[in-house]
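Pull up the model and let's walk through it together. We'll start in the loops and work our way inward.

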Amino acid sequence: MTSRSDVNGGRDVSGVTKDQALKQLRTLAQARALGRPVGSDRLIQAALDALLADVDSPSLPLLAGLGRREEHHAQELFDHVAEELGIGFDVPADPTAAKWALAYWLAAQIVDGSLDPATGADLIWAEAAMDLGYPEELRSVVMCAIQLADWDEGQGIPLEQLKEEALRAARELVERRGPETIA
């Protein structure tokens, strides 16, 4: 029997490969573990994409098939899917280590292009750096966040240049931490 992804060159009808679908599910599992808000609609769509990409998990069809009136089950079903696929993410119990984990995870999201550099730098500033007492390791990201927050067209510095600087600062943070940050 030929699968949908075989016919479409490894891509399912939604255009998401199996690897991309698993990465999306893993990213959502990490986001939830780190306390980031993830709507039920995103969990259901990710499950549908994964199902169409031939990802196999007993709870995946249940999550993908939820209707509007059943969305309240999405978070719990997603947890089952994450467990079944082995993509769970353990946040450090120590609050300081957890804030560092969040900062590194947000930086990795900036680097891989799934988070806008301006938004990501601001989140690192507001949700990690402040609580960590503005450590030196986060200084360049925080400075970029401040410049981006204060930016207006009359400054003479293009917005895209500031975003590039934020991306560079995030990349440096990730590289200092090591390759496990991006996983």
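D54 sits in the loop that links α3 and α4. In this predicted model, D54 has a positive phi of about 70°, even though it isn't a glycine. As for its surroundings, D54 is partly exposed, with a relative accessible area of 27%. There's another residue of this kind in the loop between α7 and α8, namely Y134. Its phi is near 55°, again a positive value in a residue other than glycine. Y134 counts as partly exposed too, at 45% relative accessibility.

Now look at a pair of helices. Two packed helices are described by the angle between their axes and the distance between them. For α6 (residues 95–111) and α7 (residues 117–129), the axes come within 9 Å and cross at roughly 175°. That makes the two helices roughly antiparallel. On the α6 side, the contact is made by K99, L102, A103, L106, A107 and I110. From α7 come P117, G120, A121, L123, I124, E127 and A128. Sort those contact residues by type and you get 10 nonpolar, 1 polar and 2 charged.

Next, head for the largest nonpolar core, which has 57 residues. L63, F78, L106, I124 and L138 have the most contacts inside it. Plenty of helices chip in: those giving two or more residues to this core are α2, α3, α4, α5, α6, α7, α8 and α9. The biggest giver is α6, with 10 residues.

So what does L138 touch, leaving aside residues up to four places away in sequence? The partners of L138 are W100, A103, I124, A129, L132 and L173.

How values were computed. Residues numbered from 1 in each chain as written. Predicted model: local features only at pLDDT ≥ 70, side-chain atom pairs only at ≥ 80, totals over all residues. Heavy atoms only, no water. Axes fitted to C-alpha atoms, helices over the stretch in contact; angles between N-to-C directions. Helix = DSSP H or I, 4+ residues; strand = E, 2+ residues; numbered from the N terminus. Parallel < 35°, antiparallel > 145°, perpendicular 65-115°, else oblique. Contact = heavy atoms within 4.5 Å. Nonpolar A, V, L, I, M, F, W, Y, C, P; charged D, E, K, R; others polar. Core = buried A, V, L, I, M, F, W, Y, C linked by side-chain atoms within 4.5 Å. Buried < 20%, exposed > 50% of the residue type's maximum accessible area, 1.4 Å probe, protein only.
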